[in-house]
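Here are a few short exercises to work through with the structure open beside you. Try each task before reading its solution.

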Amino acid sequence: QVQLVESGGGLVQAGGSLRLSCAGSGRTFGSYAMGWFRQAPGKERESVAVIGYSGINIRYADFVKGRFTISRDNAKKMVFLQMNSLKPEDTAVYYCAANYATMTSIKDEYDYWGQGTQVTVSS
């Protein structure tokens, strides 16, 4: 199975930036589509950004377009989320996830999940 570990979360003021990293394991990391999801208190887990196995096909949630950038490095088995112009409503636990079959924004279709990393954006 694939193991995923997120890092890079923390406390930042509104307008600031953070870069999240997800370190993967397994021989077939480059065959998985990867996604970043987030879950705020009282909210459903939602897709933030998705990247296909090659790193070419990318899809963002409307609420992060122009602010966040997803990327991956298959040689290092890592995926990243650069977050700029952060807003208080971005506060959530951010999760890295892997899906072998498809590039999808539907959380129930993902096969593997990390433990999450907390991002807190103050006003």
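The exercises below go from the overall fold to the core of this predicted model.

**Exercise 1.** Work out which secondary structure elements the chain contains, and how its size compares with the globule rule.

*Solution.* Start with the element count: the chain has eleven strands and zero helices. Read from the N terminus, the order is therefore simply β-β-β-β-β-β-β-β-β-β-β. The radius of gyration is 13 Å, close to the 14 Å that the globule rule gives for 123 residues, so the chain is as compact as a globular protein of that length. Along the principal axes, its C-alpha atoms fill a box of roughly 40 × 25 × 25 Å.

**Exercise 2.** Describe the contacts, the surface and the charges of the chain.

*Solution.* Take contacts with a separation of 6 or more: 58% of them join residues 24 or more positions apart. Next, the accessible surface comes to about 6400 Å², and carbon and sulfur atoms account for 47% of it. Finally, there are 13 positive and 10 negative charges, and their mean positions lie 6 Å apart.

**Exercise 3.** Find the largest nonpolar core and the strands that build it.

*Solution.* Begin with burial, taken as under 20% relative accessible area: 40% of the 123 residues are buried. The largest nonpolar core holds 27 residues, and Met-34, Trp-36, Leu-81, Met-83 and Tyr-94 have the most contacts inside it. At least two residues of this core come from each of E3 (18-24), E4 (33-39), E5 (46-51), E7 (68-73), E8 (78-83), E9 (92-99) and E11 (117-122). Strand E9 gives the most, with four residues.

Notes
Residues numbered from 1 in each chain as written. Predicted model: local features only at pLDDT ≥ 70, side-chain atom pairs only at ≥ 80, totals over all residues. Heavy atoms only, no water. Rg over C-alpha atoms; globule rule 2.2 N^0.38 Å. Buried < 20%, exposed > 50% of the residue type's maximum accessible area, 1.4 Å probe, protein only. Contact = heavy atoms within 4.5 Å. Areas by Shrake-Rupley, 256 points an atom, 1.4 Å probe, with all protein chains shown as cover. Lys, Arg positive; Asp, Glu negative; His and termini not counted. Charge placed at Lys NZ, Arg CZ, Asp CG, Glu CD. Core = buried A, V, L, I, M, F, W, Y, C linked by side-chain atoms within 4.5 Å.
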